[in-house]
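Please load the model in your viewer and keep the sequence panel open beside it. The tour below proceeds by selection, and each stop says what to pick and what is found there.

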Amino acid sequence: GDVEGTVLRGLDLRTVQWNDDSVDAKLARLSVRAELRPLLDREIRIVDLAVRDVDIEIHERTSSSDDDQPFSLELPVTLDIHNASVETLQIVRDDSEFLIDRIGISGRLAHSTLELRQLSVRSEIADVDLQAEARLKDDFQARLSGSWQLRLAGQPPLSGNLSVHGDTSGYQLNHDLASPYAVATTGSLRFVNGQPVGELENTWQQLRLSRADGDAANVDDGRLFVSGSIEDFIFDAAALVTVGDIAPVSVTTRGRRTRDIVALETLTLAGDMGQLQASGSVTIAPELEITIDRIAGLLNGHAVDGSALLAYREDQLTLRDATVSIGDNKVEGSGTFGEEMRAEARIRLLDLTQLGIGAGGALQGEVDMQSTPGSFELAGNLRGESISWQSYGAASMSAQFDLTTAGSGSAEIRVDDGRLGGIEVASGTLAIDGDAASHTVQLAISADEASTQLRLEGGLLEESWSGSIESLTIAGERPGEW
């Protein structure tokens, strides 16, 4: 680079570059002014240090035996910096880029004792302010306090306060997340073979998590305990979760993460309707896969049992070997869900009152569905007895359907001894035959005092149905008063 000035009045360096195997660095300007008299006492006292327009590119490098050596620093002189600043710093590593608007530093390093009076970092997405005291050798005793703020696009700002004190045998950590939620974190942190290992307890009174559909979930009275390293840790959590108008549910979970596998020792949901317990595992990479070994518990006073295997890959969710039983009711199924969908289910609901949804009776059958961006198919059959829900019901019902958008299909629904609001129906049949463009619809209803038969022929044209009434018959002893 180019150098101007004097040692007494200050030096001004321009276009400075540094290159080695791991870093390429260059800066447009560096100005430094120092006091000379303290040099007699083996002290370098920098009054002002200003660096402008810095570009740093970090390269991957192979590890060496020196990387495993414990870090230690002890200068033969004292370095005292009254005021130092870096303006416009750009750091590039691989495909990521980070831009810092300004860094301010004031501190003192005497042999191995560091006194960081002030460190401030300002950037578009984050602000950091720190003060610290540390010994940079032996037990690395340190005390640090500071505050930070993080601003991410489309998210409310995050901010908090941090304090750390201790040595290599254990650093005590306290952190308070101030916004957008209040979360208190306490615990300890130590280093084992150069890797951080800690025990952290997180508690909060109220969290509100917004969803893409505009609704929000409240996670209140929460606790999360984590113990271990970044790649291998155990966790224990509990919270009260409320979604919309649904009654609050107490959620507790305990497990362990080892690299890309999360083992759920237990997951418990408890609320007004009952309690469910589940165990299983989650594989994060190379693709997301969830195994539910078992679901058990009580729902509305009835035993619950089940298991399933879920996998997520390339925007496609796969469900295999799923089975859920609640009392005398059981559903089994498999499927894939995404841009293309396929699902098959076997339904055996022998007592709908046990589900707590306000329905009664029994319903059994099989359903098979397939869907692509250009087609849809639905086939199956359902059989019901003593079906009831609110003001609707039937002594028996049956449905047979084989529908497709690619060709001709058919469907038939039959109801006996039915109730539609205040209307009693002895029997009713609805039959559809044909394709979307041309089909026949037949409806027959028989009540105590009248019967109706209707036959329609027509089809769908874009989003409208067009057709004709081929026949309509209404018969009864007393059609009504005129």
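A residue is called buried here when its relative accessible area is under 20%, exposed when that value is over 50%, and partly exposed in between. The model is a predicted one, and the tour of it begins with a strand that offers two serines for inspection.

**Strand β7**

Select Ser120, which has its place in strand β7; with a relative accessible area of 14%, Ser120 is buried, because this value falls under the 20% limit. If you leave out residues up to four places away in sequence, Ser120 touches Arg102, Ile103, Gly104, Val128 and Asp129.

Next select Ser123, which also belongs to strand β7, a run of residues 113-123. Ser123 has a relative accessibility of 5% and therefore counts as buried. With neighbours within four places in sequence set aside, the contacts of Ser123 are Phe98, Leu99, Ile100, Asp101 and Arg151.

**Strands β4 and β5**

Move to Ile58, found in strand β4, which spans residues 43-58; at 28% relative accessibility, Ile58 counts as partly exposed. Draw a distance from the C-alpha atom of Ile58 to that of Asp24, and you will find a separation of 6.6 Å between two residues that are 34 residues apart along the chain. Beyond its neighbours within four places in sequence, Ile58 is in contact with Ser22, Ile91, Val92, Arg93 and Asp94.

Then pick Thr88 in strand β5, residues 78-93, and look at its backbone: phi of Thr88 is near 60°, a positive value in a residue other than glycine. Most residues other than glycine have a negative phi, and most peptide bonds are trans. Thr88 counts as partly exposed, at 37% relative accessibility.

**A cis peptide bond**

Select Ser179 and Pro180 together, since the peptide bond from Ser179 to Pro180 is cis, with omega near 0°. Pro180 lies in the loop between β11 (170-179) and β12 (183-192).

**Two nonpolar cores**

Which residues touch the most other members of the largest nonpolar core? Select Ile326, Leu349, Leu352, Leu382 and Phe401, which do so within a core of 13 residues. At least two residues of this core come from each of β23 (341-349), β24 and β26. Apart from the largest core lies another, of 11 residues, including Val54, Val86, Ile100 and Val121. In soluble globular proteins, nonpolar side chains tend to be buried together.

Now return to Leu382 and show its surroundings: aside from neighbours within four places in sequence, Leu382 is in contact with Ile347, Leu363, Gln364, Gly365, Val367, Met397, Ser398, Ala399 and Phe401.

**The turn between β25 and β26**

Select Gln390, which lies in the loop between β25 and β26. Gln390 has a positive phi of about 55° although it is not a glycine, and at 60% relative accessibility Gln390 counts as exposed.

Add Trp389 and Tyr392 to the selection, and display their rings, for the structure holds one aromatic pair. How are the rings of Trp389 and Tyr392 arranged? Their centres are 6.5 Å apart and their planes are at 15°, so the pair is stacked. Trp389 is partly exposed, with a relative accessible area of 42%, and Tyr392 is partly exposed as well, with a relative accessible area of 41%.

**The second largest pocket**

Turn on a pocket display and go to the second largest pocket, which holds about 410 Å³ of space. Of the 21 residues that line this pocket, Gly393, Ala394, Ile413, Val415 and Leu420 lie nearest its centre. Two or more lining residues come from each of β24 (359-372), β25 (375-389), β26 (392-404), β27 (409-420), β28 (423-434) and β29 (439-447). Strand β27 gives the most to the lining, with five residues. Colour the lining by residue class, and it divides into 14 nonpolar, six polar and one charged.

**Last stop: strand β31**

Finish at Ser471, which lies in strand β31, residues 464-476, and counts as partly exposed at 33% relative accessibility. Ser471 and Gln453 are 18 residues apart in sequence, and their C-alpha atoms are 7.7 Å apart in space. Leaving out neighbours within four places in sequence, Ser471 is in contact with Gln453, Leu454 and Arg455.

Key:
Residues are numbered from 1 along each chain as its sequence is written. This is a predicted model: local features need pLDDT of at least 70, side-chain atom pairs count only at pLDDT 80 or more; totals for chains, interfaces and linings use all residues. Side-chain values use heavy atoms; hydrogens and water are left out. Helices (H or I, at least four residues) and strands (E, at least two) are DSSP runs, numbered from the N terminus. Buried means under 20% relative accessible area, exposed over 50%, partly exposed in between (1.4 Å probe, protein chains only). Contact means heavy atoms within 4.5 Å. On a 1 Å grid over the protein atoms alone, a cavity is a set of points where a 1.4 Å probe fits but cannot get out, and a pocket is an open set with protein on both sides within 12 Å along at least five of seven lines; lining residues have an atom within 4 Å of a point. Grid points are joined across faces, edges and corners, and a volume is the space filled by probe spheres set on the points. Ala, Val, Leu, Ile, Met, Phe, Trp, Tyr, Cys and Pro count as nonpolar, Asp, Glu, Lys and Arg as charged, and the others, Gly among them, as polar. A nonpolar core is a set of buried Ala, Val, Leu, Ile, Met, Phe, Trp, Tyr and Cys residues joined through side-chain atoms within 4.5 Å. Rings of Phe, Tyr and Trp (its six-membered ring) pair if their centres lie within 6.5 Å; planes under 30 degrees apart count as stacked, over 60 as edge-to-face and the rest as tilted.
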